[in-house]
Amino acid sequence: MKLNIALLAGDGIGPEVINQAVKVCDAVANKFNHEINWTPALTGAAAIDAVGEPYPDETHEICLAADAVLFGAIGHPKYDNDPTAKVRPEQGLLKMRKKLGLFANIRPTFTFPSLIDKSPLKRERIEGTDLVFLRELTGGIYFGEKGRKDNGNTAFDNCVYTKEEVIRLAKKGFELAMTRSKKLCCVDKANVLETSRLWRETVQGMEKDYPEVEVSYEFVDAVAMRLVQWPNSYDVLITENLFGDILTDEASVISGSMGLMPSASVGTENYLYEPIHGSYPQAAGKDIANPLATILSAAMMFEDAFGLAKEAEAIRNVVNRSLKEGIVTEDLSENKKAYKTSEVGDWLVRNI
Ligand code: IPM
Ligand code: MN
């Protein structure tokens, strides 16, 4: 099979982790007789530096023309502490999500048997955790009207959702739940927020179409607590953009390292795969970042975007072996030898 993949390395550790994912994908393609055609494109601070825009039209065209997009990370500290900056790398990410129609962000959380004791949470609480967040990605407070009033002394960010936006995300949630343990949790703040009440009533209205799915409704603050207390009680969770952003960072702690968690962002036509971690500028260029979240995102890409389950399995298997054998970067190495980002990539390639 011929696979056309747009490659958006982005900023910080993005290029380093993306390089490892490319090596691993090429090795898998080689093994299973596929041909990958990679098309690199600029995004984030790297794109601002080059062309003054974090998601240039040319990059958008490349993403549209590709079968899937593999994405690293976006963000640069020089913008973080400058509230007056007119263009920001993150705007590129938001624009990309919106323009590609990537309304559903799929973030699985699972544990690796060999890493259970790396999690700050107790083994008996997290063992067997296998849940998936479906985070709405192109609406809510991220995209509502925002601005300043009163000479800049008052600021506002509007949170807006339409019924259609809720339905299309919830539909994916119900469908995913049907393929798993048929449990769906709608996370909201319906005791306070009107948008949450719309979410809740919309999802309630959809229950009859999925009679086998057991739906629960929980407030986001309670979920934040239960997620680390009894992660095993969850299976598929659907939620709005900002709640999903926060809860998925929290959930990554269960696995032991944020450097492990992959994600997929999908809509009706485009597919994008990216680690849930950010650009981690402190580690940029040092060859120390964990490449596994990006590599596991590539596994999701093989499976979901191309329907190549065996290839995805090959990646997951070799990743599991590397963890078991301690071929890991410093975030996971504890007192043992820490391997470099590129060494982990090389090891995976040799063992595929
Ligand atoms: C994420 C990131 C982004 C988000 C940032 C970089 C804009 O934190 O993908 O979770 O908030 O969506
Ligand atoms: Mn985030």
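Begin by selecting the shell around ligand 1 in this predicted model and colouring it by residue class: two of its residues are nonpolar, none is polar, and five are charged. The residues to show as sticks are Glu-90, Leu-93, Arg-97, Arg-107, Arg-135, Tyr-142 and Asp-245.

Next, colour the chain by domain while keeping these sticks in view. Domain 1 covers 1–112 + 256–352 and domain 2 covers 120–255, and each of them gives at least three residues to the shell around ligand 1. Then pick out helix α5, residues 89–99, which with three residues provides the largest share of that shell.

Now zoom in on the oxygen atoms of ligand 1 and look for polar partners in the side chains.

- Select Tyr-142, where an N or O atom of the side chain is 2.5 Å from an oxygen atom of ligand 1.
- Move on to Arg-135, whose side chain places an N or O atom 2.8 Å from an oxygen atom of the ligand.
- Finish with Asp-245, which has a polar side-chain atom 2.9 Å from an oxygen atom of ligand 1.

With these contacts displayed, switch to a surface view: ligand 1 would expose 320 Å² if taken alone, and the protein buries 77% of that area. If you hide the ligand and keep the protein surface, the space that ligand 1 takes up can be examined as the largest pocket of the model.

For the last stop, leave the ligand and select the loop that runs between β6 (146–149) and β7 (154–157), where Asp-150 is found. Asp-150 is not a glycine, yet its phi is positive, at about 50°. Asn-151 belongs to the loop between β6 and β7 as well, and here too the backbone has a positive phi, of about 55°, although Asn-151 is not a glycine.

Notes. Residues numbered from 1 in each chain as written. Chains lettered and ligands numbered in written order. Predicted model: local features only at pLDDT ≥ 70, side-chain atom pairs only at ≥ 80, totals over all residues. Heavy atoms only, no water. Near = heavy atom within 4 Å. Polar contact = N/O pair within 3.5 Å; in protein donor to acceptor, adjacent residues only side chain to side chain. Areas by Shrake-Rupley, 256 points an atom, 1.4 Å probe, with all protein chains shown as cover. 1 Å grid on protein atoms, 1.4 Å probe; cavity = no way out; pocket = protein on both sides within 12 Å on 5 of 7 lines; lining within 4 Å. Sits in = over half its atoms within 2 Å of the grid points. Helix = DSSP H or I, 4+ residues; strand = E, 2+ residues; numbered from the N terminus. Nonpolar A, V, L, I, M, F, W, Y, C, P; charged D, E, K, R; others polar. Domains from an automatic or database assignment.
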